[in-house]
Amino acid sequence: MAEQNTTGTGATSGYDPQKVEAKWQKRWAEARVFESESDPAKPKYYVLEMLPYPSGTLHMGHMRNYTIGDVVARVKRMRGFNVLHPMGWDAFGLPAENAAIKNKTHPRTWTNNNIAEFRRVLRRFGFSYDWRREISTCEPEYYRWNQWFFLCMLERGLAYRKKSLVNWCPKCCTVLANEQVVNGGFCWRHEDTRVESREIEQWFLKTTAYSDQLLDDLKQLEGGWPERVILMQKNWIGKSQGAKVKVEVADAPSVGSLEIFTTRIDTIYGATAMILAPAHPLVPKLLEGSPVRAEAEPKLAKMRQTSIKTEDLATMEKEGFFTGRYALNPFSGEKVPIWVGNFVLMEYGTGAIMAVPAHDGRDLEFCRKYKLPVRVVIQPLEGEELVPEKMEKPFDEHNGKLVNSGPFNGLSPDEAIAKMTEFAEQKGFGRGETIFRLKDWGISRQRYWGTPIPVVYCSKDGIVPVPDSQLPVVLPENAKLTGEGGSPLAAMPEFVSAKCPKCGGAARRETDTMDTFVDSSWYFYRYCDPHNDKAPYDSAKVAYWFPIDQYIGGITHAILHLLYSRFWCKVMRDLGLIKHNEPAARLFTQGMVQKGGVAMSKSRGNVVGAEEMAQKYGADTGRLYTLFAAPPEKDLEWSEESIEGSWRFLNRVYRLIERHSNAVRGVKDGKADAAAASVKEKMLLRKVHQTLRRVTSDFETRWHFNSAIALIMELTNDIYSQEPLEQGVRPEVRKEMLELLTLMLAPMTPHLAEELWEMLGHSEGLWKTGWPAFNQELAREDEVEIVVQVSGRVRGRVKVSAGAGEEEVLKLALADAGVAHHADGKRIVKKIFVPDKLLNLVVAGS
RNA sequence: GCCCGGGUGGCGGAAUGGCAGACGCUGAGGACUUAAAAUCCUCCGGGGAUUUUUCCUCAUGUGGGUUCGACUCCCACCCCGGGCACCA
């Protein structure tokens, strides 16, 4: 039994993780332990970790994510749930293409090699995936359903094509979604590359059709999703209620009117200018025939130039110029100048605002700079009266009353918003409107390694969808990849030339491919029915497994992936495929694994390779350490020294059970009898059941794996301190203790636990065993130590039987030397007694 | 600027109103060993008193507050990390 282990750490014990882990992985696979089928008779639990993009090396940062998911999956299995725990690959994407260009291989080769590597390492860690359900998004069997969904959306007007200004990354040579532009104008993949603006025709999905639902349904996620993720989504959707108001331009009948958007229509009498975005299409018209045209046009040209460069918007100085034109305030009839301002965004609202300097910070800054007048139209209810000339800060709160506002004087802002919006509607120059920051999702990519968008362009029939029967539009294998000059597919005549499905004439095939966020927006549905070739999935299977009970991933996906997934879910619901509104009931965002204070990454050269770890210590030690070193939601600083502690602990447990294995393996399972127990037995049984009670709650409700492990370590230390157990601890008691210890470790270090289980005399795998129930009777303390405070400071401790009353405790407390020293001769003015815990005597005087 | 997190020994962290520092790492000392490794045991926040046992005192970013009692709750501030950022 006591062979030398083969790890590189030099520890001696019979524990050989390499052997143990290989042995049990084989047994699990043979017994098909982790394969699950929908079974309405059993309660289900769907636990999912975000699917990885298979590139680079799997490091301990990845493993932490999967370990957390695996612990949850294993605990739920032990709890009797029918658990779905799948894994797959986010296999399309730019890095494959870039790597292929660099290494002169095919993206598919590169990707599949990576997948094989990832799969091997994940298997090496013993994660309890149902590998039969594995999916890879770059396979036609998968992406044909991307195309199918796209066509469904096209049919319903949810997919459309439009020319638009797009974010163009010169390094990627492709369009980026707004969400992929980071740090105020840089590519999310190339953080040193500034994104440019280009106008290009491309495909969009109408996420804005679901703006309200995407916002409102966040309420259903409260409690299940981290608050900050909900908040980030809320901000991203950016709902804003206000009004659009039509403003006539004076003395320019050819220009007509312009429209502004405001959330504070109540302040409209305070508007001292109208300001247009530089990109506003009306600006050139206003300048035509304007007295200031000559000086204004160069300014406009310059401003339009800079706005394209996406200069640091936040810190940019407010600039503007007068157009020489005036607008008529529809409420007051007042003539106010029309300006152009660089801080007004064409993409938001109507691209035009009214400037109310007294009640908006940006307007105040702008008007002060250009000496435009300030007029107060809301006076605060409390405090000093506002004087326009003296205002340094705007008054933008709602607790005031209207002044200088004609018939609306005296109203509160909120009343005025309602009344004035109504008035504008009646007069026909405005209406209440809600606008969103959320935009439609641009999915066109001018790249090769993605899902082809299934449409053709016919000179006669226009845009024609590829019929269902012709799906998938297969990505050709022999594209030339150079990384330059746009889409590789466009350079392939054999791909581009197509027949129009309608008229049979010559047509041109779409060469854009889809954003990879499409792939990951619904992959978790496919896991329920991964080999279906008639539909993306069988709705009945999805109805059983969904929603995802626990989704686990990084905070980096808090907006993009999760928002798109939620959108996709709602579209599928409206297609009649599913009935639920939200894909994931609970979301957990785990912390990063860092080394040297920064996240592990290949480019920083600070990765701790997963396989390396498995070879040196074994997967179980690696798993245990990532769970032990920090609570799962917090970042974890990797320490080569600390992991030794986890390794030592597992060896310690192994030796303990190895030592008692012979004595207990023959013992029939019989619960230890509390009444007949010796003092030593009672103490140990109490400890083990107390530990079980707390570990159970740490697993179930709190996910405090680190403190659960600490408790199990403590238990192990206590058992060691009672050695030799042969003296005073019967084999059946030893067996119960060691079994519970093993079962508690099982979700975290599953291979070792199986081995120990076998050593304890079980011929059937631990996987067949449920989570143990703790014995309340055995866990109960019969003697407790009560802390005695005098005026809030600890002065002594007394031992009493559990449940002892205040009087008894007080008597003992006063007899305690330390307590007596501080309390004698003083009047006790108050006694606070917490049964089994504390007695605080508040004494008078100092 | 706004919105979230977070700040506890040499280090990772524990304690969600009741003994601050569980558990682990590092370090020191000891046992075993020819020796080393491994293992096992003891100690390990600061200051002070005490020969010892032990006792007092300060201490959870800073300053206030609530409370018999605060790492924990409230107010203000400082620092670190993250997200959003002229959104009208």
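Modeller: Before we start, one term: a residue is buried when its relative accessible area is under 20%, exposed when that area is over 50%, and partly exposed in between. Also keep in mind that this is a predicted model.

Colleague: Got it. How many of the 10 residues of helix α24 are buried?

Modeller: Helix α24 takes in residues 750–759 and is mostly covered. Its buried residues run from Pro750, His751, Leu752 and Ala753 through Glu754, Glu755, Leu756 and Trp757 to Met759. Counted against the 10 residues of the helix, the buried ones come to 9.

Colleague: And which helices are included in what covers the buried residues of α24?

Modeller: Two helices from early in the numbering take part, α1 (17–31) and α2 (60–78). There are others with higher residue numbers, namely α19 (619–628) and α23 (731–745). Put together, the cover includes α1, α2, α19, α23 and α20.

Colleague: What happens to phi just after α24?

Modeller: Look at Gly761, which comes just after the helix. Its phi is positive, at about 105°.

Colleague: Let's zoom out. What share of chain A is buried?

Modeller: Chain A has 27 helices and 34 strands, and its C-alpha trace spans about 105 × 85 × 50 Å along the principal axes. About 37300 Å² of the chain is exposed, with carbon and sulfur atoms supplying 50% of that. Out of 846 residues, the buried share is 54%.

Colleague: There's an RNA strand in here too. Which element gives the most to the surface near RNA strand B?

Modeller: RNA strand B is surrounded by 51 residues, and the closest are Thr263, Lys318, Arg362, Arg652 and Asn840. Several elements each supply at least two residues to that surface, including α8 (227–237), β11 (257–262), α22 (705–721) and β31 (783–790). The top contributor, with 6 residues, is α20.

Colleague: How do the residues of that surface divide into nonpolar, polar and charged?

Modeller: For the strand itself, sugar or phosphate accounts for 63% of the RNA atoms within 4 Å of the protein, and bases make up the rest. On the protein's part, the surface near RNA strand B divides into 12 polar, 18 charged and 21 nonpolar.

Colleague: How far is a polar side-chain atom of Arg652 from a phosphate oxygen of RNA strand B?

Modeller: A pair of N or O atoms counts as a polar contact within 3.5 Å. Two other side chains reach a sugar or linking oxygen of the strand: Arg655 at 3.3 Å, and Glu714 at 2.9 Å. For Arg652 and the phosphate oxygen, the distance is 2.4 Å.

Colleague: Now a sheet. Which strands stand at the edges, each with a single partner strand?

Modeller: Three strands form an open sheet with mixed pairing, in the order β29-β28-β30. An edge strand has one side left without a neighbour in the sheet, so we want those with a single partner. They are β29 (598–599) and β30 (636–637).

Colleague: Which residue in β29 is the bridge partner of Gln594?

Modeller: Strand β28 covers residues 593–595 and runs antiparallel to β29, with 2 bridges joining them. Follow the bridge from Gln594 across to β29 and you arrive at Ala599.

Colleague: Is Val166 buried or exposed?

Modeller: Find Val166 in strand β5, residues 159–169. Its relative accessibility is 5%, so Val166 counts as buried.

Colleague: Now the backbone oddities. What kind of peptide bond joins Phe546 and Pro547?

Modeller: Most peptide bonds are trans. Pro547 is in the loop between α16 (539–545) and β26 (550–554), and omega for its bond with Phe546 is about 0°. Leu471 and Pro472 are joined by a cis bond as well, with omega about -5°. The bond between Phe546 and Pro547 is cis.

Colleague: Lys104 has a positive phi although it is not a glycine. Is Lys104 buried or exposed?

Modeller: Lys104 sits in the loop between α3 (94–103) and α4 (107–124), with phi about 55°. Its relative accessible area is 74%, so Lys104 is exposed.

Colleague: And what is the relative accessible area of Asp836?

Modeller: Asp836 lies in the loop between β33 and β34. Its phi is positive too, about 65°, although Asp836 is not a glycine. Asp836 is partly exposed, with a relative accessible area of 31%.

Conventions. Residues numbered from 1 in each chain as written. Chains lettered and ligands numbered in written order. Predicted model: local features only at pLDDT ≥ 70, side-chain atom pairs only at ≥ 80, totals over all residues. Heavy atoms only, no water. Near = heavy atom within 4 Å. Polar contact = N/O pair within 3.5 Å; in protein donor to acceptor, adjacent residues only side chain to side chain. Helix = DSSP H or I, 4+ residues; strand = E, 2+ residues; numbered from the N terminus. Nonpolar A, V, L, I, M, F, W, Y, C, P; charged D, E, K, R; others polar. Buried < 20%, exposed > 50% of the residue type's maximum accessible area, 1.4 Å probe, protein only. Areas by Shrake-Rupley, 256 points an atom, 1.4 Å probe, with all protein chains shown as cover. Pairing = 2+ DSSP bridges. Contact = heavy atoms within 4.5 Å.
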